[in-house]
Amino acid sequence: QVQVVESGGGLVQAGGSLRLSCAVSGSIDNMDEIGWYRQAPGKQRELVTSITRNEYKSASDSLRGRFTISKDNANNTVYLQMNSLKPEDADVYYCNARYRFTYYWGQGAQVTVSS
């Protein structure tokens, strides 16, 4: 069973930066794709950005340029660097690891942005 654990959430002022980490048990090289999603209360979970096994990245058009995903294969960790944060970026951020048609979710990391 693959375990996914997010960390690094917290409170940041508007305009600030935050980096989230996603630790995946086993080897992230085995995962077809790892992505970051976010969800506000009462809303659907939406894709922020993702990276495939072959390092192909995709991202939400509205967040591209401020949010960046990266992989550290040696530590089985995927990062989400968030810059120029806005109050509307405040959400619970989830990491997802996909292997073929199976999705593994973390418990989420709360990000709060003060104005």
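Which residues form a disulfide, and how far apart are their sulfur atoms? In this predicted model, Cys22 and Cys95 are the two partners, with their sulfur atoms 2.0 Å apart. The structure holds one disulfide. A disulfide is a covalent bond between the sulfur atoms of two cysteines. The torsion about the S-S bond of Cys22 and Cys95 is about -75°, so the disulfide is left-handed. The pair links distant parts of the chain: Cys22 belongs to strand 3, which spans residues 18-24, and Cys95 belongs to strand 9, which spans residues 91-99. In sequence, the two cysteines are 73 residues apart. Both Cys22 and Cys95 are buried.

The disulfide is set in a fold with eleven strands and zero helices. Along the sequence, the order of elements is β-β-β-β-β-β-β-β-β-β-β. The radius of gyration of the protein is 13 Å, close to the 13 Å that the globule rule gives for 115 residues, so the protein is as compact as a globular protein of that length. Taken along the principal axes, the box filled by the C-alpha atoms is roughly 40 × 25 × 25 Å.

Contacts and burial were examined over the whole protein. Of the contacts with a separation of 6 or more, 53% are accounted for by residues 24 or more positions apart. The link between Cys22 and Cys95, at 73 residues apart, likewise joins distant parts of the chain. Buried residues make up 43% of the 115 residues, and Cys22 and Cys95 are both buried. The accessible surface of the protein comes to about 6300 Å², and carbon and sulfur atoms contribute 45% of this area.

Charged side chains were also counted. The protein has 12 positive and 11 negative side chains. The centres of these two sets lie 1 Å apart.

One acidic residue, Asp89, was examined individually. Asp89 is placed in the loop between strand 8, residues 77-82, and strand 9; strand 9 is also the strand that holds Cys95. The relative accessible area of Asp89 is 1%, which is under the 20% limit, so Asp89 is buried. Leaving aside neighbours within four places in sequence, the contacts of Asp89 include two arginines, Arg38 and Arg66. Asp89 is also in contact with Leu63, Phe67, Ser84, Val111 and Val113.

Definitions and conventions. Residues numbered from 1 in each chain as written. Predicted model: local features only at pLDDT ≥ 70, side-chain atom pairs only at ≥ 80, totals over all residues. Heavy atoms only, no water. Helix = DSSP H or I, 4+ residues; strand = E, 2+ residues; numbered from the N terminus. Rg over C-alpha atoms; globule rule 2.2 N^0.38 Å. Buried < 20%, exposed > 50% of the residue type's maximum accessible area, 1.4 Å probe, protein only. Contact = heavy atoms within 4.5 Å. Areas by Shrake-Rupley, 256 points an atom, 1.4 Å probe, with all protein chains shown as cover. Lys, Arg positive; Asp, Glu negative; His and termini not counted. Charge placed at Lys NZ, Arg CZ, Asp CG, Glu CD. Disulfide = S-S within 2.5 Å.
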